[in-house]
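Here's a quick tour for anyone opening this one for the first time. Have the sequence and the 3D view side by side, and let's walk through it.

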Amino acid sequence: MFEHHVQLTDVVGGEVTYTWAELFRVPGFAVVSQTRAPLPPQGLLEGLPAAVVEQARWWEHHIVEVLTGFPPEAGSAATARPQYDPASLTLRQREVEPRRVSWRLGYLVSAAVSAAC
């Protein structure tokens, strides 16, 4: 897998490479199972000021939801909220929502910072 591409291999070894955007538009393509990436160990935040930990957790929650469509605490039966649904929105479109939320909560987040996450 490259930064913005995914390479698929079929059962007989045939390979095809798509951008993520192309992949989700391929007729018949569907995500049939989802394995969520484990979150980093909690110990990495030990010793940091409470405000820093709170902000890190806030970012972690939104980054996971932007990338996967689901917040970290979502169960296996959860459905994606419309503003984070990878089946209907591109990653770029999903990046916009946490920026809107952050502005409402008083965090000033530029598009460059949002895109880098």
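**The aromatic pair and the big picture**

Search the whole structure and you find one aromatic pair. Its members are W58 and W59, set edge-to-face, with 5.1 Å centre to centre and 85 degrees between the planes. Keep in mind that this is a predicted model. With that said, here's the rest, topic by topic.

**Overall layout**

- The protein has four helices and two strands.
- Reading from the N terminus, the elements go β-β-α-α-α-α.
- Of the 117 residues in the protein, 21% are buried.
- About 8300 Å² of the protein is exposed, and 62% of that comes from carbon and sulfur atoms.
- Take the contacts between residues at least 6 apart in sequence: 27% of them join residues at least 24 apart.

**The hairpin**

- Strand β1 covers residues 5-9 and strand β2 covers residues 15-19; the two run antiparallel, joined by five bridges.
- H5 sits opposite T19 in β2.
- Together β1 and β2 make a hairpin, with five residues between them.
- In the turn, G13 has a positive phi of about 95 degrees.

**A nonpolar patch on the surface**

- Which residues make the nonpolar surface patch? They are W20, F24 and V31, and the patch measures about 270 Å².
- W20 belongs to helix α1, which spans residues 20-25.
- W20 has 34% relative accessibility, so it counts as partly exposed.

**Helix α2 and its buried residues**

- Helix α2 takes in residues 50-68, and E65 is part of it.
- H62 has its place in helix α2 as well.
- Is H62 buried or exposed? H62 is buried, with a relative accessible area of 9%.
- H62 and P72 are ten residues apart along the chain, and their C-alpha atoms are separated by 8.8 Å.
- Back to the aromatic pair for a moment: W58 is buried, because its relative accessible area is 13%, and buried means under 20%.
- E65 is buried too, at a relative accessible area of 1%.
- Which residues does E65 touch, leaving aside its neighbours within four places in sequence? E65 is in contact with F70, P71, R81 and Y84.

**Salt bridges**

How many salt bridges does the structure hold? There are three, and here they are one by one.

*R57 and E60*

- R57 forms a salt bridge with E60, and their closest N and O atoms are 3.0 Å apart.
- R57 and E60 are three residues apart in helix α2, so about one helical turn separates them.
- R57 counts as partly exposed, at 27% relative accessibility, whereas E60 is buried, with a relative accessible area of 17%.

*R81 and E65*

- R81 forms a salt bridge with E65, with 2.9 Å between the closest N and O atoms.
- This pair links distant parts of the chain: R81 lies in the loop between α2 and α3 (91-104), E65 lies in helix α2, and the two are 16 residues apart.
- R81 counts as partly exposed, at 38% relative accessibility, while E65 counts as buried, at 1%.
- R81 also appears among the contacts of E65 listed above.

*E95 and R92*

- The side chains of E95 and R92 meet in a salt bridge, at 2.5 Å from N to O.
- Why are E95 and R92 separated by about one helical turn? They are three residues apart in helix α3, which means about one helical turn between them.
- E95 counts as buried, with 9% relative accessibility, and R92 counts as partly exposed, with 40%.

**Where to look again**

- For the strands, go to the hairpin made by β1 and β2, and look for G13 in the turn.
- For the surface, go to the nonpolar patch made by W20, F24 and V31.
- For helix α2, start from E65, which is in contact with residues including F70 and Y84, and which forms a salt bridge with R81.
- For the aromatic pair, go to W58 and W59 and check the edge-to-face arrangement.

Methods. Residues are numbered from 1 along each chain as its sequence is written. This is a predicted model: local features need pLDDT of at least 70, side-chain atom pairs count only at pLDDT 80 or more; totals for chains, interfaces and linings use all residues. Side-chain values use heavy atoms; hydrogens and water are left out. Patches are made of residues with over 30% relative accessible area and no salt bridge: like charges are joined within 9 Å, nonpolar side chains (Val, Leu, Ile, Met, Phe, Trp, Tyr) within 5 Å. Accessible areas come from the Shrake-Rupley method with a 1.4 Å probe; for residues, only the protein chains shown count as cover. A salt bridge is a side-chain nitrogen of Lys or Arg within 4 Å of a carboxyl oxygen of Asp or Glu. Buried means under 20% relative accessible area, exposed over 50%, partly exposed in between (1.4 Å probe, protein chains only). Two strands pair if DSSP finds at least two bridges between them. Contact means heavy atoms within 4.5 Å. Rings of Phe, Tyr and Trp (its six-membered ring) pair if their centres lie within 6.5 Å; planes under 30 degrees apart count as stacked, over 60 as edge-to-face and the rest as tilted.
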